[in-house]
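Me: I have a structure in front of me and would like to learn how to read it. Could you walk me through a few features?

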Amino acid sequence: MRDVEMCRHLLGVKAPWDVSHVRMDAQSRQIHVYLTRGRSWFGRYLPDQTLSRWRHTNLGSCQTFIHATVPDSLEVEEKRAAYLGESGNEFSHGLASRVVDCLQAGMSYRQVCDLMNIDVHLAWQIRLAISEGTLPGVAEDVSKRLRSEGPGAAKATQIPPGNDPVWHNMLSSDRPLEVRMLSLRLLLTRCRQEFGQLRGEEARRLKINEIRRFFIKHEKQLASEIEQLAQFRDGAAAGRLES
């Protein structure tokens with residue numbers, strides 16, 4: 001209960017949201033905070049499967065991840081809470097706001113990423129949102145500065161973003177993928193089996209994020225597999241033309 005109360009206070013979680021439980025991974029120095037809405041049952045929240053996960057600002061020297069399900073019926077103002085994020089993103093509003101503040105204070109993008117311990121792919125996501133003007137409160141000179149560095153600087157990874165149809169096509173297809181890493185082979189088999197049984201776009205997005213995070217974590221060892229991802233995009237395009 002002490003961890004729950006501490007995270008509730010540090011994150012500024014307010015009703016009707018609450019912290020249901022906290023998981024701490026000392027080895028990887030990560031804190032996972034699970035949020036819920038509504039009433040508790042005798043002081044305890046029933047466990048549920050959260051559909052979104054966002055990287056948030058660090059708590060101390062630990063990376064912080066927020067897990068929550070944001071209902072579509074939620075008011076826009078409540079969806080903009082710092083500890084929440086957009087369903088298609090992997091970063092919270094609070095983290096994005098902190099990155100913007102640092103950039104507008106004159107820090108370089110690389111300095112900001114090093115300071116906040118943001119990985120390459122997440123950095124690419126936030127940078128793209130800033131340069132495209134989809135984040136509120138970004139000064140025009142900051143967006144212009146990022147765009148002027150060229151597309152090569154923004155694209156720091158070859159792994160497609162989470163909303164790229166290649167992930168949906170790969171998990172819903174039985175087309176073989178030449179995989180050298182045993183752990184990825186097992187994960188891909190399980191995700192494909194579960195993907196067809198999922199109902200709702202949010203649940204599918206959660207499964208996509210699971211396998212995509214594996215690609216991000218092991219990007220250096222998966223060069224061949226990443227190159228093969230293009231076949232699912234090309235195949236999908238061909239299928240649409242035939243129909």
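Reply: Happy to help; we will look at helix packing, then the backbone, then the cysteines. Keep in mind that this is a predicted model.

Me: Let's start with helices. How do I describe two that pack together?

Reply: In general, two packed helices are described by the angle between their axes and the distance between the axes. Here, take helix α3 (residues 93–104) and helix α5 (residues 120–131): their axes come within 11 Å and cross at roughly 70°.

Me: Which word describes how α3 and α5 lie to each other?

Reply: Angles from 65 to 115 degrees count as roughly perpendicular, so α3 and α5 are roughly perpendicular to each other. On the α3 side, the contact is made by Leu 95, Val 99, Val 100 and Leu 103. From α5 come Leu 122, Ile 126 and Ile 130.

Me: How many nonpolar, polar and charged residues does the contact of α3 with α5 have?

Reply: Seven residues in that contact are nonpolar, with no polar and no charged ones.

Me: Next, the backbone. What should I look for there?

Reply: Look for exceptions to two habits: most residues other than glycine have a negative phi, and most peptide bonds are trans. One peptide bond to look at runs from Ala 15 to Pro 16; this bond is cis, with omega near 10°. You will find Pro 16 in the loop between α1 (2–11) and β1 (17–25).

Me: Which value of phi does Arg 29 have, and where is Arg 29 placed?

Reply: Arg 29 is not a glycine, yet its phi is positive, near 55°. Arg 29 sits in the loop between β1 and β2 (30–37). With 44% relative accessibility, Arg 29 counts as partly exposed.

Me: And what about Asn 117?

Reply: Asn 117, also no glycine, has a positive phi of about 55°. Its place is the loop between α4 (109–116) and α5. Asn 117 counts as partly exposed too, at 42% relative accessibility.

Me: Last, the cysteines. How many disulfides does the structure hold?

Reply: The idea is to check the distance between sulfur atoms: a disulfide needs a pair of cysteine sulfurs within 2.5 Å. By that test, the structure holds zero disulfides.

Me: Why does Cys 7 have no bond to Cys 62?

Reply: The closest cysteine sulfur to that of Cys 7 is in Cys 62, and the two are 9.9 Å apart, so they are too far for a bond.

Me: Are Cys 7 and Cys 102 buried or exposed?

Reply: Buried means under 20% relative accessible area. Cys 7, at 1% relative accessibility, counts as buried, and Cys 102 is buried with a relative accessible area of 12%.

Key:
Residues are numbered from 1 along each chain as its sequence is written. This is a predicted model: local features need pLDDT of at least 70, side-chain atom pairs count only at pLDDT 80 or more; totals for chains, interfaces and linings use all residues. Side-chain values use heavy atoms; hydrogens and water are left out. Buried means under 20% relative accessible area, exposed over 50%, partly exposed in between (1.4 Å probe, protein chains only). Axes are lines fitted to C-alpha atoms, for helices over the stretch in contact, and angles run from 0 to 180 degrees between N-to-C directions. Helices (H or I, at least four residues) and strands (E, at least two) are DSSP runs, numbered from the N terminus. Angles under 35 degrees count as roughly parallel, over 145 as roughly antiparallel, 65 to 115 as roughly perpendicular and the rest as oblique. Contact means heavy atoms within 4.5 Å. Ala, Val, Leu, Ile, Met, Phe, Trp, Tyr, Cys and Pro count as nonpolar, Asp, Glu, Lys and Arg as charged, and the others, Gly among them, as polar.
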